[in-house]
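Open the model in your viewer and keep the sequence panel visible. The tour below goes from one selection to the next and says what is there.

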Amino acid sequence: MKQLFIFALGLASPLHVAADPASYDAQIIRSLPHEGAPFTQGLELVDHSRLIETSGAYPEGTESFIRMIDLKDGSVLQTTKSGLAGRFAEDVAPTATGWLVATYHDGKAVRFNADLSVESEVDYPIEEGWGLCRDSQEDRYFATNGTEFLMELDSETLALKRVAPVTCMGYKVPGLNELEFVADFNGKGPTVFGNLYKTRFVLGIDPSTFECTSVFDLEGFGEQDPQEEYGFHVANGIAYLPGSKTFLVTGKNWQNMFEISLEAAGNTHREKLRKKLRHFASQTASFLATGMRSQIPALPSTDVRGKLRVTRREPERAIAPDESHSPEA
Ligand SMILES: [Ca+2]
């Protein structure tokens, strides 16, 4: 609790403006079928020949699952719904011996063995599960929950060790979704990549400062959907392939996955990203101006179970057309 209080004090300070992120252009190396076009919530390399993917239970009538995919042609090798019945599966990250899958609202994460049999379930310290990745070097997890906060979790107990906002060009970055840890990106050291919800941007974050250091854009990849600004059909799935230094990317209900390489592109994406972050910030400001402050807690706190409670901030919900059931993270 004391630790969280100290973090909270820091949030009141003006944001430090760091260097602009380096832009990269994503070049498609090859396209693979995204079998069944599931509601992708997690994507990760297993070994030299396989990927692991999680899918949430959306749309209504579908169930969450976890599956293994052949990296060569995108074919599905194995699928299981074990441990996920009645749950909304979120991102997946490796454990020492298998896999850890976050869930959206259950307050639990599910541990799987390498063969996808359920090992156990464990309390998840965050009110909502969104992105999750493992830092294999420092032996810790990073997680997101739809707010601007990035959280560091203990690799064994999942206890919360650090909470701080992600910032980029002086703006807070709300809604980093599917995450990917890259031990050394482009010779610049460890980087946490995350899909920026309701956009096609992927941001690279410095895991020590939580500031953005790189950006690429998946605009134009596969089919576009006008509902993406409301959270449907968004890019969500990043797996790094260290052998080729390429990425596999896909999205919710996308028909394809794409292997891409990143080429340095100066400041190509900077202004478009800045405009989007400014838009997110103005949405937050208008919420505050209309007296809805209670919906946007400024500071994280913990409840009696030690869970981090940061109410999901969705300012754009107020202007979405018909959201009787909005897509989950
Ligand atoms: Ca990932």
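Two strands are taken to pair if DSSP finds at least two bridges between them. The model is predicted.

**Stop 1: the end of the open sheet at β16**

Select β16 together with strand β17, residues 191-196. The two strands run antiparallel and are joined by 5 bridges. To find one position in this pairing, pick L179, which stands opposite G194 in β17.

Now extend the selection to the whole sheet. It is open, has 8 strands, and its pairing is mixed. The order to follow across it is β16-β17-β18-β19-β1-β22-β21-β20. The edge strands are β16 (176-182) and β20 (235-241), each of which pairs on one side only. From one strand to the next, the twist averages 30°.

**Stop 2: L203 in β18**

Select residues 201-205, which form strand β18, and centre on L203 within that strand. Is L203 buried or exposed? L203 counts as buried because 25 C-beta neighbours lie inside 10 Å, and the cut-off for buried is 20 or more.

Show the contacts of L203 next, leaving out residues up to four places away in sequence. They are C168, V173, L176, F193, G194, L196, C212 and V215. G194 has already appeared as the residue opposite L179.

Then add P21 to the view. P21 and L203 are 182 residues apart along the chain, and their C-alpha atoms are separated by 8.6 Å.

**Stop 3: the largest nonpolar core**

The largest nonpolar core has 76 residues. Select V101, L132, F142, M151, V173, L203 and V249, the members that touch the most other members. V173 is also among the residues that L203 touches.

Move to V249. Not counting residues up to four places away in sequence, V249 touches L218, A235, G237, I238, M257, F258 and I260. A235, G237 and I238 fall within the span of edge strand β20 (235-241).

**Stop 4: the run from β10 to β13**

Select strand β11, residues 140-144. Of its 5 residues, 4 are buried, so β11 is largely enclosed by the rest of the structure.

On one side, 4 bridges join β11 to strand β10 (residues 132-135), and the two run antiparallel. R134 stands opposite Y141 in this pair. The hairpin of β10 and β11 has 4 residues between the strands, and D139 takes a positive phi near 55° there.

Strand β12, residues 149-154, is also antiparallel to β11 and is joined to it by 5 bridges. Two positions are useful for checking the register. F142 has E152 in β12 as its bridge partner, and T144 stands opposite L150. The hairpin of β11 and β12 has 4 residues between the strands, and G146 in the turn has a positive phi of about 95°.

Continue to strand β13, residues 160-165, which runs antiparallel to β12 with 5 bridges between them. Here F149 stands opposite P165. The hairpin of β12 and β13 has 5 residues between the strands, and L158 takes a positive phi near 65°.

**Stop 5: the four-strand sheet**

Select β6, β7, β8 and β9, which in that order make an open sheet of 4 strands with antiparallel pairing. β6 (89-94) and β9 (118-123) stand at the edges; each has a single partner strand, so one side of each is left without a neighbour in the sheet. The twist averages 25° from one strand to the next.

Within this sheet, pick β7 (residues 98-103) and β8 (residues 108-113), which pair over 5 bridges. W99 stands opposite F112 in β8.

**Stop 6: F39 in a loop**

Select F39, in the loop between β1 (22-33) and β2 (40-45). Is F39 buried or exposed? F39 is buried, because 25 other C-beta atoms lie within 10 Å.

Its contacts, apart from residues up to four places away in sequence, are S55, G56, Y58, K252 and N253. Add A57 as well: F39 and A57 are 18 residues apart in sequence and 7.4 Å apart, C-alpha to C-alpha.

**Stop 7: the whole chain**

Clear the selection and show everything. The chain has 2 helices and 24 strands. Of its 329 residues, 44% are buried. Among contacts with a separation of 6 or more, 54% are between residues 24 or more positions apart.

Notes:
Residues are numbered from 1 along each chain as its sequence is written. This is a predicted model: local features need pLDDT of at least 70, side-chain atom pairs count only at pLDDT 80 or more; totals for chains, interfaces and linings use all residues. A residue is buried if 20 or more other C-beta atoms lie within 10 Å of its own, exposed if 12 or fewer, and partly exposed in between; C-beta atoms are placed from the backbone. Two residues are in contact if their C-beta atoms, placed from the backbone, lie within 7 Å. Axes are lines fitted to C-alpha atoms, for helices over the stretch in contact, and angles run from 0 to 180 degrees between N-to-C directions. A nonpolar core is a set of buried Ala, Val, Leu, Ile, Met, Phe, Trp, Tyr and Cys residues joined through C-beta atoms within 7 Å.
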